[in-house]
Amino acid sequence: HRDNWRRDRMYNREVDNCLSSHKHALEGIFHFYKAPPPSYLLVLLEFVHTALHRDVRPRTKHVYLEAMKRMSLETFVKFAHDSRLLTKVGCSLHVVEICFVMSKLLVIDEIKDNHRWITLTFMDFLESICRLAEFISPPEEQDLRRAGYDEAAPTYNYFKETDAGMEPLIERRLSSGALDTPKSRPLDVKINQIIEVILHMLAKTHQQATPAKVIAYFHKNAKKAPKKKAVNIMAAVVATQKMKKSLFGAKDSGAGSSKNATAPSKSKSKAAWSKLKEK
């Protein structure tokens, strides 16, 4: 069961210290890759339809904005591909998907809270890194150095020379690569090795000289613009919906107060849409 593995392997001080030491790097990766795929536009269109045709439900806006803070399966696979876990490290797409699914927390209602059911928070993403490390289970550093990988990043240099489908250059232990077998190595050691590989591979993919530079690149280019754009769209739609509500309400309530009621909403709507066009 996923909770048994969490208790036995992940919930301990050593893993917490390990993840904390890499928090800045992992935050950069998460925020860079969490930008939603095109399918999330459907959530925005649903919000627009709701706003223009009936009363705006605050939860719809909340759902969209919350989804923007999460990582989808599509972007998680993109991260794994850019990290060359699928090519150099020999991690299959099936394993990547399993790590994604097993890292999600359960929700009470998968229909009502579907966006939570199909995406990862940052904490879930940290767990997915732990599960990837457990599945991949790289050779021990002492074995790598004994085999001639004596550089500053031996695990990266080892995987750099391998390709998916190749026989391992160093024989792995029987406990490696399966979650249901007893483990002989602490998980935090594996996590350190896998994060080393991920950062070096991402630096190569994004044409950055060092892991430190690719981390800075991720933080600088984290995709925050879509969220800002979404907020502007929602503000414009809400203002338009309020204006329509005022117009239709004015017809029922009669003459005098209709102009006074509609004028502020109309001006607010125009201002919101003009602000959106400037973006």
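Is S137 buried or exposed, and what is its relative accessible area? S137 is buried, with a relative accessible area of 1%, where buried means under 20%, exposed means over 50% and partly exposed covers what lies in between (1.4 Å probe, protein chains only). The structure is a predicted model, so to speak of local features takes a pLDDT of at least 70, side-chain atom pairs count only at pLDDT 80 or more, and totals for chains, interfaces and linings use all residues. Residues are numbered from 1 along each chain as its sequence is written, and side-chain values use heavy atoms, with hydrogens and water left out.

On to the chain as a whole. It holds 15 helices and two strands; these are DSSP runs numbered from the N terminus, with helices being H or I over at least four residues and strands E over at least two. Of the 279 residues, 45% count as buried. The chain exposes about 15400 Å², and carbon and sulfur atoms supply 57% of that; accessible areas come from the Shrake-Rupley method with a 1.4 Å probe, and for residues only the protein chains shown count as cover. Contact means heavy atoms within 4.5 Å. Among contacts between residues at least 6 apart in sequence, 74% join residues at least 24 apart.

Next come the helix pairs. Two packed helices are described by the angle between their axes and the distance between the axes. Here the axes are lines fitted to C-alpha atoms, for helices over the stretch in contact, and angles run from 0 to 180 degrees between N-to-C directions. Helix α2 (residues 13-21) and helix α12 (residues 187-205) have axes that come within 8 Å and cross at roughly 15 degrees. That makes α2 roughly parallel to α12, given that angles under 35 degrees count as roughly parallel, over 145 as roughly antiparallel, 65 to 115 as roughly perpendicular and the rest as oblique. The crossing of α2 past α12 is right-handed: the near helix is turned clockwise from the far one by less than a right angle, whereas anticlockwise would be left-handed. On the α2 side the contact is made by E14, V15, C18 and L19, and on the α12 side by L187, D188, I191 and N192. Sorted by type, the residues of this α2 and α12 contact come out as five nonpolar, one polar and two charged. In that sorting, Ala, Val, Leu, Ile, Met, Phe, Trp, Tyr, Cys and Pro count as nonpolar, Asp, Glu, Lys and Arg as charged, and the others, Gly among them, as polar.

Helix α3 (residues 23-33) and helix α9 (residues 122-136) pack at an angle of about 110 degrees, and their axes are 11 Å apart. That makes α3 roughly perpendicular to α9. K23, L26, E27, I29 and F30 of α3 meet F122, F125, L126 and I129 of α9 in this contact. The α3 and α9 contact residues divide into seven nonpolar, no polar and two charged.

Helix α9 also carries R131, which counts as buried at 1% relative accessibility. R131 and M102 sit 29 residues apart in sequence and 8.4 Å apart in space, C-alpha to C-alpha. M102 turns up again with D3: their C-alpha atoms are separated by 9.5 Å, with the two positions 99 residues apart along the chain. D3 is found in helix α1 (residues 2-10) and is partly exposed, with a relative accessible area of 30%. E74, in helix α6 (residues 73-82), is also partly exposed at 47% relative accessibility. The C-alpha atoms of E74 and Y33 are separated by 9.7 Å, and the two residues are 41 apart along the chain.

The loops have a few residues to look at too. C91 has its place in the loop between α6 and α7 (93-103) and counts as buried at 6% relative accessibility. Leaving aside neighbours within four places in sequence, C91 is in contact with L85, L86, V96, L132 and I136. The C-alpha atoms of C91 and L132, 41 residues apart along the chain, are separated by 8.5 Å.

Most residues other than glycine have a negative phi. S137, in the loop between α9 and α10 (141-146), has a positive phi near 45 degrees. Q207 has a positive phi as well, near 60 degrees, and lies in the loop between α12 and α13 (211-220). S137 is buried, whereas Q207 counts as exposed at 72% relative accessibility.
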